[in-house]
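Student: I would like to go through this model and ask, for each label, what it rests on.
Tutor: Then let us take the labels one at a time.

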Amino acid sequence: MTQPLTTTAPEVHSRLPRVALVGVHGFGERHLANLDRLTAAGTLELVAVADPRPPAEGKLAPGVEVFPSLDDLLAAGTAPDAVIISTPIQTHAPLALAALKAGAHVYLEKPPVASMAQYQDVMAAAASAGRLVQVGFQSLGSEALPAIDALVASGGIGEVRGISATGLWLRNRAYFKRSRWAGKRSLNGTDVVDGVVTNALAHAVATGLRLAGARTVSDVASVETDLYRANDTESDDTSVVRVRTSRGDGFSGAPVVTCALTLCAPAQSAPTVTIYGTSGQVTLFYTEDRVDFTTADGTRSQSFGRTDLLENLLSARTEEDLLSPLSGVGAYVSVLEAIRTAEPPRQIHPDFVTWEGEGDDAHPVVHGIESLIRRAALGQATFAELGAPWAASAGPVPDTLEVNGTPVAAVHDGTLIRPTSSPRPYLHPVRTLAGTIVTDHIPEDHVWHLGAGVALQDVDGINFWGGRTYTRDAGAYVWRKDHGMIVTDSVEHTDGQRREQLSWLGPDRSPVLREQRQWRWSAVGDSAWKLALDFTLDSATGRPVLLGSPGSNGRPQGGYGGFFWRLPKVGDATIWTPDARGEDAVHGSVSPWLAWSGTFDAGTANPAHVTGDPDPGLGHPATLVFLASPQAPDPWFVRHEGYPGVGLSLAWDAPVTTEPGHPVQRTATILITDGFLATQDIERLISTLGEQA
């Protein structure tokens with residue numbers, strides 16, 4: 001049985017707990033300040049410290065003994081009731097084992113250990129000694145956590161869709177020179193596992209897991225790591241870790257915790273943990289113990305207190321009394337172990353990094369990292385899946401479309417897309433012949449928008465578009481468990497042509513539609529190429545299937561669905577048809593073609609990193625010309641003000657029916673050109689297509 005730290009028998013006056021501190025420099029100085037506070041409050045007695053470098057003269061109160069090591073401290077017979085360990089990471093486990101063997105309770109700084117094996121050893125030693133081990137994740141002492149738990153349990157934000165932990169910090173060269181182990185994965189053959197995930201922003205990870213209900217090793221189903229570094233270190237400084245939990249029932253299964261973290265931000269901001277619900281969200285600024293509660297009624301902020309973890313340890317009688325027990329951080333250690341055993345972090349190419357400051361004050365800034373962190377959190381995606389230009393490839397190498405030997409598009413099967421974004425095949429990035437990217441995927445505003453492809457929000461009540469569903473009953477967009485997915489059954493890919501057999505599967509994975517899709521591509525002159533998409537949708541149910549949209553379900557001007565092309569940021573955009581100009585005028589119109597020209601954002605497209613452009617902020621001019629489908633007069637769906645996108649609306653204001661043996665067929669043709677085109681240029685270009693045919 002665990003022994004309490006204080007004596008409470010009636011015949012014996014209670015004595016103060018005797019505490020020793022190992023490691024008085026670095027973070028140990030914060031512990032000294034806290035120990036001074038608690039000593040003055042009559043809560044404890046600091047009896048000894050241990051450090052190879054003694055504290056400065058006058059730093060300690062009279063009577064506090066000083067030793068060069070924990071072994072010397074324990075051998076001297078000081079017999080502390082509790083030992084605080086605030087030393088280099090690689091020493092945590094051996095020192096904790098020594099303190100437990102001596103009969104002391106332990107306050108163990110984060111990260112508590114450097115491997116899963118060490119974690120199991122310390123757990124076993126604590127159980128054998130009947131002693132408590134508290135881990136120094138101070139954020140777990142926040143009174144905000146039980147308040148958030150209560151709100152989520154009451155359904156205050158609906159069902160949980162996912163959890164993200166984000167951190168945008170900056171650290172300079174001096175940070176990695178502060179000790180021999182800083183920035184190391186190992187030191188002289190001993191595991192260290194320093195890094196942004198395991199140490200600098202470890203509180204974000206631990207707090208996110210705690211709010212997901214993932215505490216023990218068994219609460220973690222899998223850990224995926226995507227690790228990078230801009231600094232000249234061994235450890236990661238810019239990473240995404242995605243943890244699939246095995247506890248609870250999230251909106252689409254057990255909650256997923258996505259941790260997107262960097263030490264290479266342009267400016268430091270408060271890290272957050274956000275719980276996304278079907279009717280709201282909660283964001284915890286854990287360094288401030290402040291929470292933003294967002295519901296349909298708006299956002300309210302509330303600040304909370306925090307329980308000091310050392311005080312919590314001193315007052316605890318059993319492990320259940322601890323706010324951050326060693327047994328409760330097994331899920332975090334699972335993340336640490338995944339990073340320890342992962343491939344070393346990939347170096348971010350210097351072309352994508354700007355150094356700011358001089359000497360030891362200099363710090364790296366990864367280009368576009370703020371947007372990438374937000375997109376990773378919202379889309380539950382890794383940097384590789386987002387297609388960050390410095391990231392590794394995600395999954396199998398995608399098939400490539402080439403025009404005269406120039407890569408112009410990549411084909412994704414969609415299997416890496418989160419379930420609530422309706423996974424499906426799509427093209428991205430699509431490029432001009434000069435390399436300017438003219439598609440986007442997993443953007444911040446609508447993470448379910450995926451490059452160029454086919455998507456419908458209502459197929460017999462199933463959402464194959466992603467995100468919220470517009471329903472006539474609600475008269476609004478609502479989160480529903482209605483997301484389907486489109487899977488690839490077979491592919492024939494040749495030069496200039498790609499045929500795909502696809503199955504549209506409902507939430508229960510039963511077939512709803514069969515699709516035959518054909519992509520065709522070819523050059524059109526020296527600075528343009530043509531992309532054609534033919535798709536045929538046939539019922540897979542043996543009965544008629546209705547193909548609908550928000551527009552067919554009552555949302556005015558919301559008839560999107562069918563062919564859709566998501567554009568990246570475009571400056572000075574001009575949108576026009578032969579008869580109209582501007583978003584409002586062309587949206588919902590029927591015309592033989594629609595053109596979109598502008599300066600495509602180089603930060604999104606990154607053509608500078610391909611061409612060596614000395615000023616990537618300039619952007620690159622391009623024009624897209626979308627040709628109407630010859631099978632039906634589908635209206636154009638156009639968005640620019642809220643986000644840039646173009647589609648041909650299959651079901652503008654009424655559903656379309658596909659019946660067995662009577663499929664729905666559409667063709668979309670897109671001309672992708674460098675530079676700005678005028679109407680006469682477009683008409684001339686279109687006329688050459690007829691000549692080619």
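Tutor: Keep in mind that this is a predicted model. Helix H3 is a place to begin: in residues 92-101, His92, Ala93, Leu95, Ala96, Ala99 and Leu100 are buried.

Student: What makes these buried residues of H3 lie on the same side?
Tutor: They cover an arc of only 165° around the axis, and therefore they sit on the same side of H3.

Student: Which elements do the buried residues of H3 pack against?
Tutor: The partners are strands E1 (18-22), E4 (82-85), E5 (105-108) and E6 (133-135), along with helices H2 (70-75) and H4 (116-129). Just after H3, Gly103 has a positive phi of about 90°.

Student: Why is the sheet with the order E3-E2-E1-E4-E5-E6 said to have edges?
Tutor: Six strands form this open sheet, with parallel pairing. Strand E3 (65-67) and E6 each have a single partner strand, so one side of each has no neighbour in the sheet, and these two stand at the edges. From one strand to the next, the twist averages 20°.

Student: How do you know that strand E2 and E3 pair?
Tutor: Pairing requires at least two bridges. E2 (residues 45-50) and E3 have three bridges, in the parallel sense, so by that cut-off they pair. Ala50 stands opposite Phe67 in E3.

Student: Which strands does helix H1 lie across?
Tutor: H1 (residues 28-40) lies across E1, E2, E4 and E5, and runs at about 165° to E1.

Student: Why is Asn199 called buried?
Tutor: Asn199, in helix H6 (residues 196-200), has a relative accessibility of 7%. Buried means under 20%, so Asn199 counts as buried. Leaving out residues up to four places away in sequence, Asn199 touches Ile89, Lys110, Pro111, Arg178, Trp181 and Asp194.

Student: Which residues touch the most other members of the largest nonpolar core?
Tutor: Leu209 and Tyr332 do, in a core of 80 residues. With residues up to four places away in sequence not counted, Tyr332 touches Pro111, Pro112, Phe137, Val197, Thr198, Ala202, Val205 and Leu209. Another core, of 52 residues, lies apart from the largest one; among its members are Ile462, Ala580, Leu648 and Val664.

Student: How many disulfides does the structure hold?
Tutor: The structure holds zero disulfides. Cys259 is in no disulfide, and the nearest cysteine sulfur, that of Cys264, is 17 Å away.

Student: Why does Cys264 not form a disulfide with Cys259?
Tutor: A disulfide needs cysteine sulfur atoms within 2.5 Å. The closest cysteine sulfur to that of Cys264 is in Cys259, 17 Å away, so the distance is too far for a bond.

Student: Are Cys259 and Cys264 buried or exposed?
Tutor: Cys259 counts as buried at 0% relative accessibility. Cys264 is also buried, with a relative accessible area of 0%.

Student: What makes E27 and E33 edge strands in the sheet of eight?
Tutor: The eight strands form an open sheet in the order E27-E28-E29-E30-E39-E35-E34-E33, with antiparallel pairing. E27 (485-494) and E33 (570-576) each have a single partner strand, so one side of each is left without a neighbour, which places them at the edges. Neighbouring strands here are turned by 15° against each other on average, direction ignored.

Student: How many bridges join E29 to E28 and to E30?
Tutor: E28 (residues 497-505) and E29 (residues 511-523) pair over nine bridges in the antiparallel sense. E29 and E30 (residues 528-539) run antiparallel too, joined by 11 bridges. Trp519 in E29 is the bridge partner of Arg498, and in E30 Leu533 is the bridge partner of Trp519.

Student: Which residues in these two hairpins have a positive phi?
Tutor: In the hairpin of E28 and E29, with five residues between the strands, Arg509 in the turn has a positive phi of about 70°. In that of E29 and E30, with four residues between, Gly525 takes a positive phi near 80°.

Student: Why is strand E36 said to be covered on both faces?
Tutor: In E36 (residues 636-639), Trp636 and Val638 are buried on one side, and Phe637 and Arg639 are buried on the other. A hairpin of five residues joins E36 to E37, and Gly647 in E37 is the bridge partner of Phe637.

Methods:
Residues numbered from 1 in each chain as written. Predicted model: local features only at pLDDT ≥ 70, side-chain atom pairs only at ≥ 80, totals over all residues. Heavy atoms only, no water. Buried < 20%, exposed > 50% of the residue type's maximum accessible area, 1.4 Å probe, protein only. Arc of directions from axis to C-beta. Contact = heavy atoms within 4.5 Å. Axes fitted to C-alpha atoms, helices over the stretch in contact; angles between N-to-C directions. Core = buried A, V, L, I, M, F, W, Y, C linked by side-chain atoms within 4.5 Å.
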